[in-house]
Amino acid sequence: MLQICLICLALCFHPSHTISLASFPVDSNDHLRANQQRVENRILALAKYGKNKTGGTSRVAFSAADVEGRNFMIKKMQEAGLEVRIDFAGNIIGRRPGKFNQRKPILFGSHIDTVPDGGNYDGCVGSIGALEIMEILKENKVETDHPFEMIIFSDEEGGLVGSRALIGTLKLDALDLMSHSGKTIEAGIRYIGGDPARLPEVELSSDDYKAFLELHIEQGGILDTEGIQIGVVEGIVGIEWWGITIEGFANHAGTTPMHMRQDALLAGAKLTVAINEVVNSYEGSQVGTVGRMDVQPSAPNVIPGKVLMSLEIRDLSQEKIFKLFADIEEKAKVIAKETDTKISFELLDVSAVPAITDERIKKFIVQSAEKLKLSYKRMPSGAGHDAQDLAKITPTGMIFVPSVGGISHSPKEYTRPEDMANGVNVLLHTLLALDKKDL
């Protein structure tokens, strides 16, 4: 018996019987992780462009600070070995070739422009995170099958300008709109290196990319409150707006008895409560908001004769949005009768249809989070993102990381370094899975 074992041992070490570890199905990239300190340092470095006295950032699109921030990112992208170009819409795209360059590239990224007096993490985490992934691949000499491209979209905060151009919905009349920078969209695109006259040339087809992924801060407080590390975004909600007009009768506040009044503001107050009750009566993540109320004639001693209100409803289901509205409209009829007023609704032309993320990509995100031993939650995005446009032409996924206190679009906006690194790691391993697997 001992003799047989010795013979077997000798065979194992014989040159003609060498055992190669490469023959085992081990993913050699499982160990790859983000450099947390580098991500944090670059977030802080980018924040210097447009920094204001509040500690926040005013790097609005098409401003001098925006150009400075873009130049910072372009330099870092080039240092990471990327082939960098600016398309005619002003989007910055950095390409890393793959083993099979004829295959569709995989696209990922976000934006770096901010709202006026905004924070340092909205969009920036996804852009710096995309750059970090390119750095990791370079440092570890990883050769992907597909080309990888990172993108920094132009003017996200001013109306998804860069991503709308890519899907062909940035119309000529939008170019005349004034941006926060004081330039028109047309002048702004030209200022950052684009060419508004050639926008049709940037429009993508469904065959141009295999997939698109966006890493982003949640901008709400769900993940932070529940202590969850990763949000797997189910989709970006649809949005519908209505203008509400309530007509009563303006009269003397001192001489008109309470039971004889046609108080438009009273009707508006009742309707606001009713809207809240209707929206809360449904299961799910839908939201409804009355954000504006214009009371006329707006005098302390005059019963309000007219009220103009706004109604916004958001949900992942367009059908559900209009079902909620139908219920609200029925409540309004009852309130109008009770208050002897007239209530009318006008659907405004500012709608955004829901953008559902790709189920297959969501599974890859979940698998990556589980592999990294990170907690996760499936959830909708209540805010708009460039991903909602890309979802119309290519399979799209989105990853959220926590926003401390649920604060965003504010100088107090903050995401912890470890949470940013977690998001980058999930994005990295999702991209590597997408690279090897079919959709």
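# Helix packing, cavities and the largest pocket

Helices H10 and H12 are oblique to each other, because they pack at an angle of about 125° and angles between 115 and 145 degrees fall in the oblique class. The model is predicted. Besides this helix pair, the briefing takes up the packing of H3 and H4, three cavities of 30 Å³ or more, the surroundings of Glu 157, and a pocket of about 560 Å³, the largest in the structure.

**Packing of H10 and H12**

- H10 spans residues 359-371 and H12 spans residues 417-436, and their axes lie 8 Å apart.
- The two helices cross with right-handed geometry.
- On the H10 side, the contact is formed by Ile 361, Phe 364, Ile 365, Ser 368, Ala 369 and Lys 371.
- H12 contributes Val 426, His 429, Thr 430, Ala 433 and Leu 434.
- Sorted by class, this contact has seven nonpolar, three polar and one charged residues.

**Packing of H3 and H4**

- H3 (residues 64-79) and H4 (residues 124-139) meet at an angle of about 15°, and their axes are 10 Å apart.
- The pair is roughly parallel, because the angle of about 15° is under 35 degrees.
- H3 and H4 have a left-handed crossing.
- Met 73, Lys 76, Met 77 and Glu 79 make the contact from H3, and Ser 127, Ile 128, Leu 131, Glu 135 and Lys 138 make it from H4.
- These contact residues comprise four nonpolar, one polar and four charged.

**Cavities**

- Three cavities of 30 Å³ or more are found in the structure.
- The largest cavity holds about 60 Å³ of space.
- Its lining consists of Val 60, Ala 61, Asp 113, Thr 114, Asp 155, Glu 157, Gly 158, Ser 179, His 180 and Ser 181.
- By class, the lining of the largest cavity has two nonpolar, five polar and three charged residues.
- The second largest cavity holds about 40 Å³.
- Asp 66, Arg 70, Ile 112, Asp 113, Ile 152, Phe 153, Ser 154 and Asp 155 line this second cavity.
- At least two of the residues lining the second largest cavity come from H3, and at least two from strand S4 (148-153).
- The lining of the second largest cavity divides into three nonpolar, one polar and four charged residues.
- Asp 113 and Asp 155 appear in the lining of the largest cavity and also in that of the second largest.

**Glu 157**

- Glu 157, one of the residues lining the largest cavity, sits in the loop between S4 and helix H5 (161-166).
- Apart from neighbours within four places in sequence, Glu 157 contacts His 111, Asp 113, Thr 114, Val 115, Asp 122 and His 409.
- Among these partners, Asp 113 and Thr 114 also line the largest cavity.
- His 385 is 228 residues away from Glu 157 in sequence, yet the C-alpha to C-alpha distance is 8.9 Å.

**Largest pocket**

- The largest pocket contains about 560 Å³ of space.
- It is lined by 17 residues, and those closest to its centre are Leu 160, Val 350, Ser 351, Ala 352 and Gln 388.
- Strand S7 (238-247), strand S12 (306-315) and helix H11 (387-390) each provide at least two of the lining residues.
- By class, the pocket lining has seven nonpolar, five polar and five charged residues.

Terms used. Residues are numbered from 1 along each chain as its sequence is written. This is a predicted model: local features need pLDDT of at least 70, side-chain atom pairs count only at pLDDT 80 or more; totals for chains, interfaces and linings use all residues. Side-chain values use heavy atoms; hydrogens and water are left out. Axes are lines fitted to C-alpha atoms, for helices over the stretch in contact, and angles run from 0 to 180 degrees between N-to-C directions. Helices (H or I, at least four residues) and strands (E, at least two) are DSSP runs, numbered from the N terminus. Angles under 35 degrees count as roughly parallel, over 145 as roughly antiparallel, 65 to 115 as roughly perpendicular and the rest as oblique. A crossing is left-handed if the near helix is turned anticlockwise from the far one by less than a right angle, and right-handed if clockwise. Contact means heavy atoms within 4.5 Å. Ala, Val, Leu, Ile, Met, Phe, Trp, Tyr, Cys and Pro count as nonpolar, Asp, Glu, Lys and Arg as charged, and the others, Gly among them, as polar. On a 1 Å grid over the protein atoms alone, a cavity is a set of points where a 1.4 Å probe fits but cannot get out, and a pocket is an open set with protein on both sides within 12 Å along at least five of seven lines; lining residues have an atom within 4 Å of a point. Grid points are joined across faces, edges and corners, and a volume is the space filled by probe spheres set on the points.
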